[in-house]
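Hi,

Here is the structure I promised to pass on to you. Please have a look at it in your viewer first, and then read my notes below.

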Amino acid sequence: MADKKLPDNLHRDTLAVRVALESSQYGEHSEALYLTSGFVQPDAETAARRFAGTEDGYTYGRTSNPTVSSFERRLAALEGTEAAIGASTGMGAILMMCMGLLKAGDHVVCSRSMFGSTLTLIGREFGKFGVETTFVSQTDVAEWKAAIKPNTKLLFAETPTNPLTDVCDIAALADLAHGAGALLAVDNCFCTPALQRPAELGADLVIHSGTKYLDGQGRVMAGAICGPAKLIVDVFGPVVRTAGMTLSPFNAWVVLKGLETLGIRMQAQCANALAVARWLEAQPGVSRVYYPGLASHPQHELAMRQQSGQGGAVVSFDVVGNDPDTARANAFHVINSTRVLSIATNLGDTKTIITHPGTTSHGRLTEAQRQAAGIGQGLIRVAVGLEHIEDIKADLLRGLGTLT
């Protein structure tokens, strides 16, 4: 049965619930999950046209799937881009982007405050193939400008960063990139389109780990790139088909349903995170709190403009310690004293997660890289969930209140 055509200019919360492929002849209300590796063709001629790309149609699961298409359409609508393409993980999406855009002799300018695996993938793995990367300050636009070369093809930032929540000026970096004939890609994992739409600020590509807030309950792995249809279809599509970082239909369906509650989850988790951050600032065992929603954050005003007036749901803080060993021991004590919070490395879950970045997400970096990124041994990251705020505070206080 034919679905009613959606009107233009719908709010993001409505798009998150309604955008998808048309329902099947059965008129299912919830989007269908198509668990199939291949698709039967009506005849050889049609199969030939579809495999050649001259006719639309589903052929093989590594190329496309209706459930994955629904997820891609919904996410693109939320980000305000022409198209999106799914990937098996967030890192798979970054790999896809780099494979599609870069070749030996190209140059990338990248924030040194990016997620640890991103730094390793771009700086080390792509360095093996002749791609040069310059790592710069997340927040110093002049440093980004000075790093650009004639062969610069890509500027890549994550905002806010993981785990220190540094915020970059997306519009300023977009102007730099476009003035140099390069593209700007922004990892929007922490904010999601519920808070921030980088494409509206000039970013060419928006990267997502759907594993986190898009799913929202820590169930599956997923990733995506949002951007212009020409890049999504003509550049990244062939990479996915050939290299196989395909998003599974089941994972796409889970994240598709997660998007329906994204807006209300983000509002509630941001409110909890702000309350936690304000409370942490008053704790004697805490030397510094990193959260864009606080007036003490160096990029607070920029974050409020870019992030719909919200600070996000991730709070990081340094515990006291006169030296790295003491700071690490104190951080471990706080983490190990929790009885409600989960000790894990993911984020974006409805359950609050606590972790020690220096030995987990950034543990594979060299000490010099960690220091350059500002990752100290006393740093703790809390991805705030939906538990009652007083229970979250009480759980952190078990350790913070007993530091010696």
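**Helix pair**

Helix α11 passes helix α15 in a right-handed crossing. Bear in mind, here and below, that this is a predicted model. The two helices are α11, residues 262-281, and α15, residues 389-400, and their axes come within 10 Å and cross at roughly 35 degrees. On the α11 side, the residues that meet α15 are Asn 272, Ala 275, Val 276, Trp 279 and Leu 280. Their counterparts in α15 are Ile 389, Ile 392, Lys 393, Leu 396, Leu 397 and Leu 400. Sorted by class, this contact has 9 nonpolar, 1 polar and 1 charged residues.

**The sheet of 7 strands**

One open sheet has 7 strands in the order β1-β7-β6-β5-β4-β2-β3, and its pairing is mixed. Its edge strands, each paired on one side only, are β1 (83-87) and β3 (132-136). From one strand to the next, the twist averages 20 degrees.

Within this sheet you can pick out β5 (residues 183-187) and β6 (residues 205-209), which pair in the parallel sense over 3 bridges. Ala 185 has Leu 205 in β6 as its bridge partner. Helix α7 (residues 170-179) packs on the sheet and touches β4 and β5, its direction making about 150 degrees with that of β5. Helix α5 (residues 116-125) lies across β2 (107-111), β3 and β4 (152-158), and runs at about 140 degrees to β3.

**The sheet of 5 strands**

There is also an open sheet of 5 strands, again with mixed pairing, in the order β8-β9-β12-β11-β10. Here the edge strands are β8 (286-290) and β10 (342-343), each of which pairs on one side only. β8 pairs with β9 (residues 314-319) in the antiparallel sense over 4 bridges, and the bridge partner of Val 286 in β9 is Val 319. Helix α13 (residues 324-337) lies across β9, β10, β11 (353-355) and β12 (379-383), running at about 130 degrees to β9.

**The cavity**

How many cavities of 30 Å³ or more does the structure hold? The count is 1, and the largest cavity contains about 30 Å³ of space. Its lining consists of Ser 113, Met 114, Thr 161, Asn 162, Pro 163, Leu 164, Asp 166, His 362, Ala 373 and Ile 375. By class, that lining has 5 nonpolar, 4 polar and 1 charged residues.

Happy browsing, and all the best!

Definitions and conventions: Residues numbered from 1 in each chain as written. Predicted model: local features only at pLDDT ≥ 70, side-chain atom pairs only at ≥ 80, totals over all residues. Heavy atoms only, no water. 1 Å grid on protein atoms, 1.4 Å probe; cavity = no way out; pocket = protein on both sides within 12 Å on 5 of 7 lines; lining within 4 Å. Points joined across faces, edges and corners; volume = space filled by probe spheres on them. Nonpolar A, V, L, I, M, F, W, Y, C, P; charged D, E, K, R; others polar. Pairing = 2+ DSSP bridges. Axes fitted to C-alpha atoms, helices over the stretch in contact; angles between N-to-C directions. Contact = heavy atoms within 4.5 Å. Left-handed = near helix turned anticlockwise from the far one by under 90°.
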